[in-house]
Amino acid sequence: MNDKSEKSEKSDKKIILQIKGLRLEAVRGGSVIVDNVDVILHAGEVLGLIGESGAGKSTIGLSAMSYARAGVHIAAGTIEIDGVNIRELNAADRRDVRGKRIAYVAQSASAAFNPAHTIMDQVCEAPTIHGIMTRQEAEAWARQLFKSLDLPDHENFGDRYPHQASGGQLQRAMAAMAMSCRPDILVLDEPTTALDVTTQIEVLILLKSLIREYGSAALYITHDLAVVAQVADRIKVLRHGKEVEEGTVDQVLQAPKQEYTKMLVEVRGAAASERAVQSSVQDEIILRVEHVDAAYGSFKVVNDVSFDVRKGETVAVVGESGSGKSTLARIITGLLPPIAGQITFKGKPLPKSLAERSKDLKRQMQLVYQIPDVALNPRQRLIETIGRPVSFYAGLGGNQSNIVEDGGQTTGETLDRSSSLYFGMKAGDVKKRTLELLDLVELPKEFLMRRPTELSGGQKQRVCIARALAAAPDLIILDEPTSALDPLVAEEILKLLRRLQAELGLSYVLITHDLDVVHRIAHRTAVMLKGSFVAFDKTDVIFEGPYHPYTEQLVTAVPIMRSDWLDGVLAKRAAHAKAKTPA
Amino acid sequence: MLKLIIGRLGQGVVTLLAVSVLIFVCTQILPGDVASAVLGQGATPEALAAFRKELGLNEPAYMRYFNWLWGAVRGDLGVSMTNQRVIIDELLPRLFNTLFLAGYAAFIAIPLSVGLGILAAINEGKLVDKASNILTLITISIPEFFIAYLMIILFVVNLGWFPSLATVYPGIAFGERVYITTLPAVALTMLVAAHMLRMTRSSVLSVMSSPYIEMAFLKGAKRSRVIARHALPNAAAPIITVIALNLAYLVVGVVVLEAVFVYPGIGQLMVDAVSKRDVPVIQACGLVFAMVFVVLNTLADVAIILVNPRLRHRR
Amino acid sequence: MRLLGHKPTVTAWIGMAIIVVNLAVAIFGPVFAPYSESQTVGSTWDEPSIQMLLGADQIGRDMLTRLIYGARMTIGVALATTALSFFIGITLGFAAAVLGGWVDTVISRLVDVILSIPLLILALIILGVFGSSIPVLIITIAVLDSTRVFRLSRALGMNLTVLEYVEAARLRGEGTWWIIRREILPNASAPLLSEFGLRFCFNFLFIAALSFLGLGIQPPFADWGGMVRENSAAINFGMLAPIWPALAITVLTVGVNMVVDWLLSVEARPSGAQAEM
């Protein structure tokens, strides 16, 4: 199948969806959510809607069905499906279009299924209520879809209740539900965002084949350029509710015209133009973890894990959900005492539980969380959030005021324990120190009296980092620090972390599922699967092979921003399978 | 699932026992010296001694508790201190009367308020909803005796449709019983229905915010279908909880209304006993009330288990 | 004008006005009352006139004066009860949420048992043994009512305790009391405030009902519930005397409920029922 030649013929096909001048406003206050957006979709074509959070792409996807969530109002625009403006139809006719001619695949499958009914009931609902199939016909069709979507026991899978199926299975079942009426248009709203990388690739393959086989047109909504490159024919870039750019996949990825698009492509594409700065690593070992086991009750979550972290180094722990990587953070900080093994911090054995550790010891190890919204107390102003650790730890070691005063020559001397013991810091000193910290994380002084609700995601994460720095720690554990942030913002945070490491000689333990982040910042990497490390070495070595089979799975599952990457993977797999079967 | 239900029933029995202990502690342990607490400071030593003898207070506490509990299980709740009558003989017919009144009120209130609550939730923000909001707000603010008096003024004094005293007696004809208890039942209904309506409404609204509701709309389902097939099955559990919760209001209301309408129920018995400090009767009435309550709550919990598909079909 | 960051509705304003008037009457009323507390002005159940705007009570005292003097006791006792109940409930609830372990288990089991009996029944039992003096009344109802407040604050506390910013404080080594005071309490204040209003209404009506039954506030103290009881016989003659104190109770409760409703609606987001299709 030659995709490229087919793409050039698309322009001859009829237009199945045309949205003109779409304008969406908030019900309370009237602020503009989507501003004058046009969408043209040809039959059988896949259009990727790309944007960061707040770009309005989900809202546009829903508007294609003339649906707006509570609090949102469709203020203007025509929405034509196969030439008919559905906004001018009466409510009953509009209902008729939904599910039948245009179907929606939500981001979270487990939330989209009603726990009170079987999967089959819900998959058959659309065709039966629209009257295009009888229940028996719908069931037969559903079973066929289950089979082509590779669901286990496709004959009886539908009899299950949603809570009896896994997340990946429900995602596929939702695709089946959307296809139940053989719609002309599919709206796929971040269908693989919530899935692990290895599950994501499977679902992507299935979605792509589904779309091709049944010839539906699709709006594929996502923020991941590499993912959309695999499935889409054209891409439209959105920002703050406005269109930025549109073109074929190759046009947008290889020759973006707008500045914003260029930035998006750069961040996602280049496999690691910026690498971790090797020179910051010193020989002294800050943290050593030896043969550690941990369990929740009788269920073992961490199994014989060993690694060490040097001063000024970043060690990344990579794994998918359920691998136990987050548990590792809890073990090191003392929230979950290990049941075996030992941990040494700066040469001395580390007490296993938090309660046994001294205040100074707690100070030397800090934690930065994934979701800045819940990591900061919404009722506290920044001066308190950052100021509290400053005053709380005053009188202990660390270089409370040496950082900025030295004017940048900081590598060896900043963590000099013998100097500067402040006893009883005064309010004025605390404020001064807090302002220094804000400066260190590149936040303006005026933010001192602000509350977290007045800050953006990236700014909040900087505050979390400042809070960690307030303790003048030696080791910072970062639990998925950029996963909840948009790619451009995440890149800035990584830059900040690299800079701080070089300037202050901090050591990081970085926990993540995102291989790109690992490339950008980690000196050494550990790959974790089901509670154990399958590999631990320098980052370059880990990712260049030879691979442990799981590492290979992980690495090869991450989409690269080339439109033929997925086809390449499929071809490789086919060749692999062929090589395995006897001639 | 069967294990869960049996477990819940067992829990009910344990709760009942714990409650009986609580009642016993409150009446016989807490006051320290029950005799002087009840009879007051000015009681003569002879009166105190007589009181103690009658209640058997000279025996150790756990013996008294077991005697009392064992007697209760066999149907012997002791003898009233004020009129020397066997408690159980007086209590049973009154219990029946109270249950009849409460049942009568529940029979009207539950379908009425659950139905209207669902209606209000479906039409959130519209006139129907806003009107019901104001009306229920006023109704829940009115003390029970006020509702009762208003009804008496309207239906007894002005219209003369009903008698103001709800005197029922054993052996009364069913039709007449219904007629006489109508006024107090309606008053009781008004009290409970308003609370139930509000709570039902918020339960349904919270279900309506679930993502699978949106999914149903996006499949092109009609509003009525979404509500009937998608929202209500999931609202069943919270609504059952609402009904169980409101049984508490029913109990409070019954006691007051029995006083206003002079209805011979167990509520009135208890109020009299409290004002006369008749400890055995207080204990007995407390135990019976608590038993009814625990039984109803246990049944509600079992119903919730039955209605939950996650528990009906395990992984 | 914005209050707590949101604009109150018309009903909320009415409710607040009602509350303010009632509080003012309770505190300053006796200064403005037309007559003194036990002064007999007319005869039993006189009709309203210029001298007695709401008529006379069962022994000829001015109903309006009696209402004014009664406000103090009725509202005061209810407020004291609710305040005490809240203090106990919040302290135990947050402690159970933050400390967990056996502290949580023991208190929760005890609360469960108490909640298994309707509050009225337990209250009647205790009052029956101890008598109905004002301190006994306040303490009994406060302790029993605190179980509801305990449930709510424990749930709130548990939701908040798992949030990362609370864990961050714990990792720092902050003490339990500090965490409750600075991290948890400020973020729980909105639902707690509306709950205070609701509990006040419940306790207010509850005490009035007890007084009506003769088991609540005892003479010589005047309270609205007791006044309803004293004047109840008037109903049989078609006279409205007991209606006035009952109406006073209703009006204050309506006012508090209006404000609570507004507080609750401010937190709520529009539900799926209002999607545009």
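In this predicted model, the buried residues of helix 6 of chain C pack against elements from two chains. From chain A, the partners are helix 13 (359-364), strand 16 (365-368), helix 14 (372-375) and helix 15 (382-392). Chain C itself contributes helix 5 (134-161) and helix 7 (176-212). Helix 6 spans residues 164-172 of chain C, and because seven of its nine residues are buried, this helix is largely enclosed by the rest of the structure. The residues concerned are Glu164(C), Tyr165(C), Val166(C), Glu167(C), Ala168(C), Ala169(C) and Arg172(C). Just after the helix comes Gly173(C), with a positive phi near 105°.

Chain A also meets chain B, with 23 residues of chain A in contact with 16 residues of chain B. On the chain A side, helix 3 (91-97), helix 4 (109-112) and helix 5 (119-129) each give two or more residues. Helix 5 of chain A supplies the largest share, namely three residues. Sorted by class, this side of chain A holds twelve nonpolar, six polar and five charged residues.

Turning to chain B as a whole, its secondary structure consists of 13 helices with zero strands, so that the pattern read along the sequence is α throughout. The C-alpha atoms of chain B occupy a box of roughly 80 × 60 × 40 Å along the principal axes. Of the 315 residues in chain B, 43% are buried. Among chain B contacts between residues at least 6 apart in sequence, 72% link residues at least 24 apart.

Definitions and conventions
Residues are numbered from 1 along each chain as its sequence is written. Chains are lettered from A and ligands numbered from 1 in the order in which they are written. This is a predicted model: local features need pLDDT of at least 70, side-chain atom pairs count only at pLDDT 80 or more; totals for chains, interfaces and linings use all residues. Helices (H or I, at least four residues) and strands (E, at least two) are DSSP runs, numbered from the N terminus. A residue is buried if 20 or more other C-beta atoms lie within 10 Å of its own, exposed if 12 or fewer, and partly exposed in between; C-beta atoms are placed from the backbone. Two residues are in contact if their C-beta atoms, placed from the backbone, lie within 7 Å. Ala, Val, Leu, Ile, Met, Phe, Trp, Tyr, Cys and Pro count as nonpolar, Asp, Glu, Lys and Arg as charged, and the others, Gly among them, as polar.
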